[in-house]
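Work through the exercises below with the model open. Try each task before reading its solution.

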Amino acid sequence: MIIDTLQNLEKYLGLNPLFEVVAEYLKNHQLDSLETGKHPIVGEDVFVNIQQVKGKTVEEAVLETHKVMADIQIPISGDETFGYTPLSDLPEVEFDEKKDIAKYPGIASQSYVTCRPGMFVIFFPQDGHAPCISDQPELKKAIFKVKC
């Protein structure tokens with residue numbers, strides 16, 4: 001997991017060649033003006049989901065992991081807290097290959113980080129994360145999905 005400000009995103013481009021595509025997209029698009037839904041960038045290898053989601057409590061948030069895609073999550077309308085637990089500390093659960101997701105309901109996160117607008121967090125396949133924790137009733141956010 002990486003958390004930083006958007007102005008430092010370019011420092012992480014060497015971690016995945018497709019991160020450069022995300023950086024270029026961010027230079028040329030205003031996230032707050034994009035409609036909700038999926039926006040393809042490079043086929044199924046890089047796309048962004050713009051979501052309007054209900055803020056959750058720590059107890060409501062569910063840990064999840066992915067095998068194929070990394071997430072670059074960017075809050076747009078307000079602060080968002082993420083729970084974090086390494087995949088190595090999570091139990092075996094059913095994995096949905098089609099949706100590239102496993103969920104871990106009922107398992108509390110080991111730690112938490114808060115991301116504000118102007119920041120991002122990257123979750124790799126080894127990072128269990130519980131998104132959407134906020135005291136706001138609704139959050140607008142961008143989730144870039146990037147093939148690992």
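## Exercises on pockets, cysteines and salt bridges

The second largest pocket has a volume of about 270 Å³. The model is a predicted one.

**Exercise 1. Describe the lining of the second largest pocket: which residues lie closest to its centre, and which elements give two or more residues?**

Solution.
- Step 1. Start at the centre. The pocket is lined by 15 residues, and L6, L26, H29, L31 and I74 are the closest to its centre.
- Step 2. Assign elements. α1 (19-28) and β5 each give two or more residues to this lining.
- Step 3. Find the main contributor. α1 gives the most, with three residues.
- Step 4. Sort by class. The lining divides into nine nonpolar, three polar and three charged residues.

**Exercise 2. Do the analysis for the largest pocket: what is its volume, and how does its lining divide by class?**

Solution.
- Step 1. Take the volume. The largest pocket has about 500 Å³.
- Step 2. Locate the centre. Of 25 lining residues, Q51, E64, H66, I101 and K145 lie nearest to it.
- Step 3. Assign elements. At least two lining residues come from each of β3 (46-54), β5 (69-75), β10 (127-133) and β11 (138-147). β3 gives the most, with four residues.
- Step 4. Sort by class. Twelve residues of this lining are charged, nine are nonpolar and four are polar.
- Step 5. Link the two pockets. β5 supplies at least two residues to the lining of the largest pocket, and β5 also gives two or more to that of the second largest.

**Exercise 3. How many disulfides does the structure hold, and why is C115 not bonded to C132?**

Solution.
- Step 1. Search the whole structure. The count is zero disulfides.
- Step 2. Recall the cut-off. The two cysteine sulfur atoms must lie within 2.5 Å.
- Step 3. Test C115. The closest cysteine sulfur to that of C115 is in C132, 12 Å away, so the two are too far apart for a bond.
- Step 4. Test C148. The closest cysteine sulfur to that of C148 is in C115, 18 Å away, which is again too far for a bond.
- Step 5. Add the surroundings. C115 is buried, with a relative accessible area of 0%. C148 is exposed, at 51%.

**Exercise 4. Which residue forms a salt bridge with K27, and which parts does the pair tie together?**

Solution.
- Step 1. Find the partner. K27 pairs with E10, and their closest N and O atoms are 2.9 Å apart.
- Step 2. Place both ends. K27 lies in helix α1 and E10 in the loop between β1 (2-5) and α1, so the pair ties together parts 17 residues apart in sequence.
- Step 3. Check accessibility. K27 is exposed at 53% relative accessibility, whereas E10 is partly exposed at 46%.
- Step 4. Widen the view. E10, E24 and K27 are linked in a network of salt bridges.

**Exercise 5. How many salt bridges does the structure hold, and where do E97 and K67 lie?**

Solution.
- Step 1. Take the total. There are eight salt bridges.
- Step 2. Examine E97. E97 forms a salt bridge with K67, with the closest N and O atoms 3.6 Å apart.
- Step 3. Place this pair. E97 is in the loop between β6 (80-86) and β7 (102-104), and K67 is in the loop between β4 (63-65) and β5; the pair links distant parts of the chain, 30 residues apart.
- Step 4. Check accessibility. E97 is exposed at 55%.
- Step 5. Take another pair. E60 and K54 meet in a salt bridge at 3.7 Å, N to O. E60 is partly exposed, at 40% relative accessibility.

Notes: Residues are numbered from 1 along each chain as its sequence is written. This is a predicted model: local features need pLDDT of at least 70, side-chain atom pairs count only at pLDDT 80 or more; totals for chains, interfaces and linings use all residues. Side-chain values use heavy atoms; hydrogens and water are left out. On a 1 Å grid over the protein atoms alone, a cavity is a set of points where a 1.4 Å probe fits but cannot get out, and a pocket is an open set with protein on both sides within 12 Å along at least five of seven lines; lining residues have an atom within 4 Å of a point. Grid points are joined across faces, edges and corners, and a volume is the space filled by probe spheres set on the points. Ala, Val, Leu, Ile, Met, Phe, Trp, Tyr, Cys and Pro count as nonpolar, Asp, Glu, Lys and Arg as charged, and the others, Gly among them, as polar. Buried means under 20% relative accessible area, exposed over 50%, partly exposed in between (1.4 Å probe, protein chains only). A salt bridge is a side-chain nitrogen of Lys or Arg within 4 Å of a carboxyl oxygen of Asp or Glu.
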